[in-house]
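Here is a short set of exercises, each with a worked solution. Have the viewer open and try each task before reading on.

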Amino acid sequence: MRFSLSMVLGAAIAAVVAAPTLALADGDAKAGAKVFRKCAACHVATEAKNKVGPHLLDIIDRPMASVEDYKYSKAMVEHATEVPTWTVEALEAYLRNPRGVVKGTKMAFAGLKKDKDVENVIAYLTDPAAAE
């Protein structure tokens, strides 16, 4: 069987595009809801209601620092000019190390250290109803 360069490149691009979806598919929304309890003192994921932090309803693919009626830190607003959208990858990095990703953020949470916890929280944030 012969492979053309375009076939190989097409397969490679498809693998890269599918990678975040595959990682997300490994997450468990129910387990993510349990991990999210660490976040619930400051955030809500099931309704557009701000607490100490902005609501996280529909956060995936939402513009960063865009929730109305929430005052973001200067650091987060500046970060949003560099990384304008909460992609799965951006959220994953931030959940692991908020202060490392956004130096000067007012979020006090140290981050999630376990890969599975990050995957599960992202699965929960993608579809909170799946945790019911």
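**Exercise 1. A salt bridge of Arg96**

With which residue does Arg96 form a salt bridge whose closest N and O atoms are 2.7 Å apart?

*Solution.* Before starting, note that this is a predicted model, in which local features need pLDDT of at least 70 and side-chain atom pairs count only at pLDDT 80 or more, while totals for chains, interfaces and linings use all residues. Residues are numbered from 1 along each chain as its sequence is written, and side-chain values use heavy atoms, with hydrogens and water left out.

Step 1. Apply the criterion: a salt bridge is a side-chain nitrogen of Lys or Arg within 4 Å of a carboxyl oxygen of Asp or Glu.

Step 2. The partner is Asp115, with 2.7 Å between the closest N and O atoms.

Step 3. Place the two residues: Arg96 is in helix H4 and Asp115 in helix H6, 19 residues apart, so the pair links distant parts of the chain. Helices here are DSSP runs (H or I, at least four residues), strands are runs of E of at least two, and both are numbered from the N terminus.

Step 4. Check the accessibility, where buried means under 20% relative accessible area, exposed over 50%, and partly exposed in between (1.4 Å probe, protein chains only). Arg96 is partly exposed at 25%, and Asp115 is partly exposed at 47%.

**Exercise 2. The other salt bridges**

How many salt bridges does a search of the whole structure find? List them, and say which residues are linked in a network.

*Solution.*

Step 1. The search finds 3 salt bridges. As background, side chains of opposite charge can pair when their charged atoms come close.

Step 2. Stay with Arg96: Glu92 is also a partner, with the closest N and O atoms 2.9 Å apart. Because Arg96 and Glu92 are 4 residues apart in helix H4, about one helical turn separates them. Glu92 is partly exposed, at 27% relative accessible area.

Step 3. Put the Arg96 pairs together: Glu92, Arg96 and Asp115 are linked in a network of salt bridges.

Step 4. Move to H6, where Lys116 and Glu119 meet in a salt bridge of 3.3 Å, N to O. They are 3 residues apart in helix H6, which means a separation of about one helical turn. Lys116 is partly exposed at 44%, and Glu119 is partly exposed at 21%. The general rule is handy here: an α-helix has 3.6 residues a turn, so residues three or four places apart point the same way.

**Exercise 3. The buried side of H4**

Which residues of H4 are buried? Then find what covers them.

*Solution.*

Step 1. The buried residues of H4 are Val88, Ala90, Leu91, Tyr94 and Leu95.

Step 2. These residues cover an arc of only 160° around the axis, so they lie on the same side of H4. The arc is that of the directions from the helix axis to the C-beta atoms.

Step 3. Their cover includes helix H3 (74–82), helix H5 (98–101) and H6.

**Exercise 4. The largest pocket**

Which residues lie nearest the centre of the largest pocket? Describe its lining too.

*Solution.*

Step 1. Of the 30 lining residues, His43, Gly53, Pro54, Tyr94 and Met107 lie nearest the centre. Helix H4 (88–96) and helix H6 (115–126) are the elements that give two or more residues to this lining.

Step 2. H4 provides the largest share, 3 residues.

Step 3. The lining divides into 22 nonpolar, 5 polar and 3 charged residues. In this count Ala, Val, Leu, Ile, Met, Phe, Trp, Tyr, Cys and Pro are nonpolar, Asp, Glu, Lys and Arg are charged, and the others, Gly among them, are polar.

Step 4. A pocket is an open set of points on a 1 Å grid over the protein atoms alone, where a 1.4 Å probe fits, with protein on both sides within 12 Å along at least five of seven lines; lining residues have an atom within 4 Å of a point.

**Exercise 5. The loop between H2 and H3**

What is the phi of Ala65, and what is that of Asp69?

*Solution.*

Step 1. Ala65 has a positive phi of about 55° although it is not a glycine. Asp69, also a residue other than glycine, has a positive phi near 65°.

Step 2. Ala65 is in the loop between H2 and H3, and Asp69 is in the loop between H2 and H3.

Step 3. Ala65 is partly exposed at 24%, whereas Asp69 is exposed at 79%.

Methods
Contact means heavy atoms within 4.5 Å.
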